Amino acid sequence: MQPEANSTSENLGAFLQDTMTWDLAGHDFSVVPGVRVAYQRTKPKDLFNLANSTLTTDELETLYGSFSDTQVLPSLSFLYDLTPRLTTYIQYKRGAQFPNASQMYGSWNLSLILPRHLRTAFVS
């Protein structure tokens, strides 16, 4: 089994939207703008458990590092009431997917970031 770092992840999000409605030819027409802010921070921990004669704790800290990202994700919807019980809409929303700890610190990507002379110690 290849080494993986223990890690902690923090995910935060906030969402804000408003609905503006007008009467359009006897039917409700609404515009719904919105914005979502998503934040993730992932940090390795307990790197001393992975240190060995090939890599020191400082080298592992450089190798694994930490990751944080913030995304601003807009949305916009247009709604039109055809009847009191039937509404049509067009909607745009932007999304984001942050990498999980296994994708960031898993052994599958070590061959891409390790120096060539250290690859044989981890990648078979």
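Author: A patch is built from residues with over 30% relative accessible area and no salt bridge; like charges are joined within 9 Å, and nonpolar side chains (Val, Leu, Ile, Met, Phe, Trp, Tyr) within 5 Å. A salt bridge puts a side-chain nitrogen of Lys or Arg within 4 Å of a carboxyl oxygen of Asp or Glu. This is a predicted model: local features need pLDDT of at least 70, side-chain atom pairs count only at pLDDT 80 or more, and totals for chains, interfaces and linings use all residues. Residues are numbered from 1 along each chain as its sequence is written, and side-chain values use heavy atoms, without hydrogens and water.

Reader: Which residues form the nonpolar patch on the surface?

Author: Together the members have about 400 Å² of accessible area (Shrake-Rupley, 1.4 Å probe; for residues, only the protein chains shown count as cover). They are Leu76, Phe78, Ile90 and Tyr92.

Reader: Which strands each supply at least two residues of the patch?

Author: Strands are DSSP runs of E, at least two residues, and helices are runs of H or I, at least four; both are numbered from the N terminus. Leu76, for one, lies in β4. The strands asked for are β4 (67–83) and β5 (86–93).

Reader: How many bridges join β4 to β5?

Author: Strands pair if DSSP finds at least two bridges between them. A hairpin joins β4 to β5 through 2 residues, and Ser75 has Lys93 in β5 as its bridge partner. The two strands run antiparallel, and their bridges number 8.

Reader: Which residue stands opposite Arg41 in β4?

Author: Strand β3 (residues 27–45) pairs with β4 in the antiparallel sense, over 14 bridges. Opposite Arg41 in β4 stands Ser68.

Reader: Why does the pair of Phe29 and Phe78 count as stacked, tilted or edge-to-face?

Author: The whole structure holds 2 aromatic pairs (rings of Phe, Tyr or the six-membered ring of Trp, centres within 6.5 Å). Planes under 30 degrees apart count as stacked, over 60 as edge-to-face, the rest as tilted. For Phe29 and Phe78 the centres are 6.3 Å apart and the planes at 15°, so the pair is stacked.

Reader: How many residues apart in sequence are the parts that this pair ties together?

Author: Phe29 lies in β3 and Phe78 in β4. The pair therefore ties together parts whose separation in residues is 49.

Reader: Is Phe78 buried, partly exposed or exposed?

Author: Buried means under 20% relative accessible area, exposed over 50%, partly exposed in between (1.4 Å probe, protein chains only). Phe78 has 35%, so its class is partly exposed.
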